[in-house]
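Let's take a walk through this protein together. Keep the 3D view open and turn it as you read.

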Amino acid sequence: MGSGIGQVFAMRGYDVTLFDIKEEALRRAIENIKWSLNKLKEKDSTIDVDEVMKRISVSTSLVDSADSYLVIEAVFEDINVKADVLMKVSKLNDSIIASNTSSLPISELSKYVREPERFLGMHFFNPPVLMKLVEVIRGDHTSDRWFNQAIELVRSINKFPLPVRKDVFGFVVNRVLFKLFISACSMLSNFTPEEIDYVAMNELGMPLGLIMLLDYTGLDVNYDISKEALKRGFDFNCPVLAEMVKQGKLGRKSGKGFYDWSKGKPEVRA
Ligand code: 3HC
């Protein structure tokens with residue numbers, strides 16, 4: 001998601017640096033952004049792909065983040081990985097630090113940053129460039145000043161901020177979505193993914209069916225969220241995810257999940 005978030009900021013005139021420990025991931029991120037910008041240009045000729053690309057640089061060293069105004073962490077939904085990155089970033093930065101965590105309470109993550117008053121959640125949705133909503137989450141220690149500043153930043157990139165003042169696991173959106181995912185998942189013993197998704201798309205009006213959305217956002221991402229949820233006593237269990245992730249079926253990103261994505265977005269027929 002990091003590349004999509006970076007793209008959104010660059011499209012609104014901000015200079016952006018994408019960080020990853022792997023050069024290959026950065027190469028793919030740049031490719032994805034170029035693909036997306038060219039796709040958007042087909043519908044809006046005012047988009048200047050080269051101009052946006054000029055605002056984006058890449059780095060494998062967090063030292064290059066030291067002068068940033070805002071740093072958004074978007075690593076795996078694993079508290080240890082997030083803790084490590086947040087500690088490193090916060091030693092180097094006096095910036096606003098935001099986590100794009102899908103579910104982990106901000107007050108819990110704030111233990112790892114030097115100035116918790118400047119730390120908050122900015123939760124984007126996939127694909128960030130097309131999805132309008134961004135949850136802005138206030139932790140116990142986030143100050144009014146930086147919370148309001150983050151809301152303004154979200155407005156400045158032409159998104160709708162959803163201020164979340166109750167810092168609970170899953171915030172608002174994923175608490176709702178996961179209830180739906182889990183009920184769709186429990187139906188898999190009786191129905192095919194296509195049957196469940198046909199109903200979700202044609203009866204509930206969802207652009208992607210519930211099972212397809214699990215594939216779309218990544219089975220590994222959803223598995224990590226469900227593990228964290230279970231640890232906290234929520235019944236967010238979808239046992240088939242563990243097996244699929246073990247087999248390398250991660251959904252759209254690996255080409256295979258509940259659906260075959262190797263030829264693009266799968267069709268759902270009754
Ligand atoms: N950049 C630019 N263009 C893009 C794009 C991107 N990243 N992704 C898709 N498009 C384009 C497609 O290429 C296609 O272009 P075309 O009309 O020229 O062929 C167009 O958008 C429509 O795409 P598709 O035909 O593939 O599919 P849809 O009509 O279904 O639209 C969608 C795609 C906008 C993603 C739509 O399916 C949608 O809104 N889905 C819901 C997504 C959602 O709910 N996201 C939230 C997930 S939860 C989450 O992220 C939380 C996390 O914590 C887990």
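Helices (H or I, at least four residues) and strands (E, at least two) are DSSP runs, numbered from the N terminus. Before using them, note that what you see is a predicted model: local features need pLDDT of at least 70, side-chain atom pairs count only at pLDDT 80 or more, and totals for chains, interfaces and linings use all residues. Residues are numbered from 1 along each chain, as its sequence is written.

Start with the big divisions. An unreviewed UniProt entry places "domain: 3-hydroxyacyl-CoA dehydrogenase NAD binding" at residues 1-167. That span is 41% helix and 19% strand, and its end C-alpha atoms lie 22 Å apart. Also from an unreviewed UniProt entry comes "domain: 3-hydroxyacyl-CoA dehydrogenase C-terminal", at residues 170-261. Here you get 57% helix and 0% strand, with 27 Å between the end C-alpha atoms. UniProt annotations like these may be inferred rather than shown by experiment; their feature names are shortened, and their positions use the numbering used here.

Now find the ligand. It is surrounded by 19 residues (a residue counts as near if its C-beta atom, placed from the backbone, lies within 6 Å). The closest are S36, S102, N126, P127 and P207. Which helix gives the largest share of this shell? That's α2, with four residues. Helices α2 (23-43), α7 (173-186) and α9 (210-217) each supply at least two. Domain 1 (2-164) and domain 2 (174-254) each give the shell at least three residues; these bounds come from an automatic or database domain assignment.

Stay in helix α2 and look for L37. Is L37 buried or exposed? It is buried, because 20 other C-beta atoms lie within 10 Å. (Buried means 20 or more such atoms, exposed 12 or fewer, and partly exposed in between, with C-beta atoms placed from the backbone.) Leaving out residues up to four places away in sequence, L37 touches I47, V49 and V52; contact means C-beta atoms, placed from the backbone, within 7 Å.

Finally, peek inside. A nonpolar core is a set of buried Ala, Val, Leu, Ile, Met, Phe, Trp, Tyr and Cys residues joined through C-beta atoms within 7 Å. The largest one has 39 residues, and L120 is among those with the most contacts inside it. Not counting residues up to four places away in sequence, L120 touches ten residues' worth of neighbours listed here: A98, I106, V136, I137, R138, G139, T142, W146, F147 and A150. Apart from this core lies another, of 26 residues, including L210, M212, F236 and F258.

Note on methods. Contact = placed C-beta atoms within 7 Å.
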